[in-house]
Amino acid sequence: MTVGFSGDVAEYYAKFRRGYPPQALDALQTAFALTTDDIVLDLGCGTGQLAVPLASRVGSVIGMDPEPDMLRLARDTAARHDVRNATWVLGADSDVPALSELMGQRSLAMAVIGQALHWMDHGALFRALSPLIRPGGGIAVVANGTPLWLQDDEWSRSLRACLEDYFGTKLEASCGTGASDRFRYGQALEAAGFEGVREIVIEYSDELSFDQLIGGVYSAIPADELPEPDARPAFAERIRQSLPPDQYFTEDVAVSVLVGRLR
């Protein structure tokens, strides 16, 4: 059921994974003409980075994730923001057909997958979602920037080299953010009957402190590979020594919103 985002990893995810800019939420709302009468599904919702801000724009949000710790933290985030129209459901992409029982006679206006589709069978998922979505609604696949260790900056290349040396493996997977990934997802949306498939890109720059950078790294390490708490200071210092001696690290973020609609 899980992909390793439990325990401390989930806590780091909640604290350090960046949220989505308002322009990305605007793009989702415009693409599917979302209203306060609509139901949307955030599949692989994590700790609520997308589901919680979406809740103020629609009637209700279903946040679905296979990791109980992620859902617990998403529920906590929703409570802090006084979000009362979110339902949190334990489940994976293979459980999507069962959502018809939860929704009764109602349909989804949108199913959104944010930075999680690379864990899923996307072709089968798109086909399973189609009968649950209202006319004019659709699917959005959102990539929230390139992984920290795959960016085109000196600090990112140094980070990647250090992590590869520590874990003894090449870090090449783009986590669904690469151009080839977006192309494959677009083709699969069209094959599942979704029309007008297009990509909206929102670009901005951000400044990361070292604490934010190392927290982001911790949030991406599977729980069974995360250094033990007493080993984390040495791990962090190893990373710190591998990076340029800067106080902040500039990250160029490209948020990709890939959308396809049903007629």
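**Exercise 1. A pair in helix 4**

Task: In this predicted model, aspartate 69 and arginine 72 meet through their side chains in a salt bridge. Find the N to O distance, and explain why the two are about one helical turn apart.

Solution:
- Step 1. Read the distance. It is 3.8 Å, N to O.
- Step 2. Apply the cut-off. A salt bridge needs the nitrogen within 4 Å of the carboxyl oxygen.
- Step 3. Locate the pair. Both residues sit in helix 4, residues 68-80.
- Step 4. Use the spacing. Aspartate 69 and arginine 72 are three residues apart in that helix, so about one helical turn separates them.
- Step 5. Check the surroundings. Arginine 72 has 32% relative accessibility, so it is partly exposed.

**Exercise 2. Two bridges that involve helix 8**

Task: Describe the salt bridge of aspartate 181 with arginine 184. Then describe the one between arginine 182 and glutamate 199.

Solution:
- Step 1. Take aspartate 181 and arginine 184. Their salt bridge spans 2.9 Å, N to O.
- Step 2. Place them. They lie three residues apart in helix 8 (residues 179-191), so about one helical turn lies between them.
- Step 3. Sort by accessibility. Buried means under 20% relative accessible area. Aspartate 181, at 10%, is therefore buried. Arginine 184, at 37%, is partly exposed.
- Step 4. Turn to arginine 182 and glutamate 199. Their closest N and O atoms are 3.8 Å apart.
- Step 5. Compare locations. This pair links distant parts of the chain: arginine 182 belongs to helix 8, glutamate 199 to strand 6 (residues 195-209), and they are 17 residues apart.
- Step 6. Sort again. Arginine 182 is buried at 6%, whereas glutamate 199 is partly exposed at 42%.
- Step 7. Look for shared partners. Salt bridges join Glu11, Asp69 and Arg72 into one network.
- Step 8. Set the total. The structure holds twelve salt bridges.

**Exercise 3. Strand 4 and its neighbours**

Task: How many residues of strand 4 are buried? Which strands are joined to strand 4 by bridges?

Solution:
- Step 1. Count. Strand 4 covers residues 108-114, and seven of its seven residues are buried.
- Step 2. Find one neighbour. Strand 1 (residues 39-43) runs parallel to strand 4, with four bridges between them. Here leucine 41 stands opposite alanine 111.
- Step 3. Find another. Strand 5 (residues 133-144) is also parallel to strand 4, joined by six bridges. Here isoleucine 113 stands opposite valine 141.
- Step 4. Add the helix. Strand 4, helix 6 (residues 122-129) and strand 5 form a right-handed β-α-β unit.

Conventions. Residues numbered from 1 in each chain as written. Predicted model: local features only at pLDDT ≥ 70, side-chain atom pairs only at ≥ 80, totals over all residues. Heavy atoms only, no water. Buried < 20%, exposed > 50% of the residue type's maximum accessible area, 1.4 Å probe, protein only. Pairing = 2+ DSSP bridges. Right-handed = clockwise from strand over helix to strand, strands pointing away.
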